Amino acid sequence: MVMVKAFGYGNGGLEIANLLQHHQVDYLGVAFADEGISLKNGGIRLPIMVLNPESTSFSSIIQYQLEPEIYSLKGLHNFLKIAEHKKLNQFPIHLKIDTGMHRLGFERKDIDELIQTLKGNNTVQVKSILSHMATSDDPSHYDFALSQIKLFDELSSKIMINLQINPIRHILNTSGISNFPEAQFNMVRLGIGIYGVSNDAEEQKQLENVGTLKSIISQIRTIPPGDSVGYGRRFVAEKETIVATIPIGYADGISRAWGNGVGYVEIKNQKAFILGSVCMDMLMVDITTISCNEGDDVIIFGESPTVSEMAKTLKTIPYEILTSISQRVKRVFYR
Ligand SMILES: *Cc1c(COP(=O)(O)O)cnc(C)c1O
């Protein structure tokens, strides 16, 4: 299964789903029903699992042939009520077990009622049983990770034996795939890895950069010492400084914390540090030592700086940088 939630981690929705369909992945995963509906409307025929379906979305999930993750007895009863009303037969559902993440899922105490409820029910079919790991990326929580895998094996086996079913089982995300290869069961859920990002430096070397955020230089000017740049005069030039204005800002997902000399963009393969605060739609950079012209390309992230490097400086994770890039930033796809 490839996770394409949140607009393919900010990289693109339908285009990426289409490519994955071409490569015959078995499943796509999205967070919300609406994300799945837009993929189905765009012609995606792959099965799509919806991770956090609200009961209010069950009708459209059924209408669009999406496959809900069911994570509570309440959700199960709600879904079965609709399924019976619509006289469904073997509609595919996915059961999520909480093995320690404590986010969504059936707990050990729910399993008996879950089994009783599903026994002999033909309106739905358990396509898969899954769980999610809290620490698959962190060796210091190795034992906790193993305990999640063990509990998943135990509780999913209990469901399978009692219902006499043989569904797909899956628990691994990207870092789980790297660190717990023995726990693949019958499927894995690849997310950030397919977008070229690993949290392991060695593994990162084997991944290619997938997305580059580019802009251009709108205008160049030279300012004398004592002049300032941007709102609040937060940058004041100590010497003559050449300033380039780039038409991308915090409304595009560039964090304000990246401004004021913390972050940089690359122009002609050289670092140009941000002068003053990032504005809503623009930012200004120092190009005093870079020979460049208005209209030249600017790299916001990609090969350098990488999203991992930005995330580290900004005390966040690559996921947040990628998914923050707003919809008004045009995505261009290259093959
Ligand atoms: C997002 C998500 C994944 C993928 O995680 P990555 O770390 O991006 O590989 C897998 N499973 C669930 C339940 C998720 O929410």
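Which backbone N or O atom lies 2.8 Å from an oxygen atom of the ligand? In this predicted model, the atom in question belongs to Ile-192, whose backbone N or O atom is placed at that distance from a ligand oxygen. The protein as a whole covers 93% of the 390 Å² of accessible area that the ligand has on its own.

Side chains also take part in the polar contacts to the ligand. A polar side-chain atom of Thr-174 is found 2.4 Å from an oxygen atom of the ligand, and an N or O atom in the side chain of Asn-173 is 3.1 Å from a ligand oxygen atom. Asn-173, Thr-174 and Ile-192 belong to a shell that further includes Met-3, Lys-5, Tyr-9, Leu-51, Arg-103, His-132, Arg-189, Gly-191 and Tyr-319. By residue class, this shell around the ligand divides into 5 nonpolar, 4 polar and 3 charged residues.

Empty space within the protein was examined separately. A search of the whole structure returns 1 cavity of 30 Å³ or more, and the largest cavity holds about 40 Å³ of space. Its lining is formed by Lys-96, Ile-97, Asp-98, Thr-99, Met-101, Arg-103, Leu-104, Ser-131 and His-132, a set that divides into 3 nonpolar, 3 polar and 3 charged residues. Arg-103 and His-132 are listed both among the residues that surround the ligand and among those that line the largest cavity.

Definitions and conventions:
Residues numbered from 1 in each chain as written. Predicted model: local features only at pLDDT ≥ 70, side-chain atom pairs only at ≥ 80, totals over all residues. Heavy atoms only, no water. Near = heavy atom within 4 Å. Polar contact = N/O pair within 3.5 Å; in protein donor to acceptor, adjacent residues only side chain to side chain. Areas by Shrake-Rupley, 256 points an atom, 1.4 Å probe, with all protein chains shown as cover. Nonpolar A, V, L, I, M, F, W, Y, C, P; charged D, E, K, R; others polar. 1 Å grid on protein atoms, 1.4 Å probe; cavity = no way out; pocket = protein on both sides within 12 Å on 5 of 7 lines; lining within 4 Å. Points joined across faces, edges and corners; volume = space filled by probe spheres on them.
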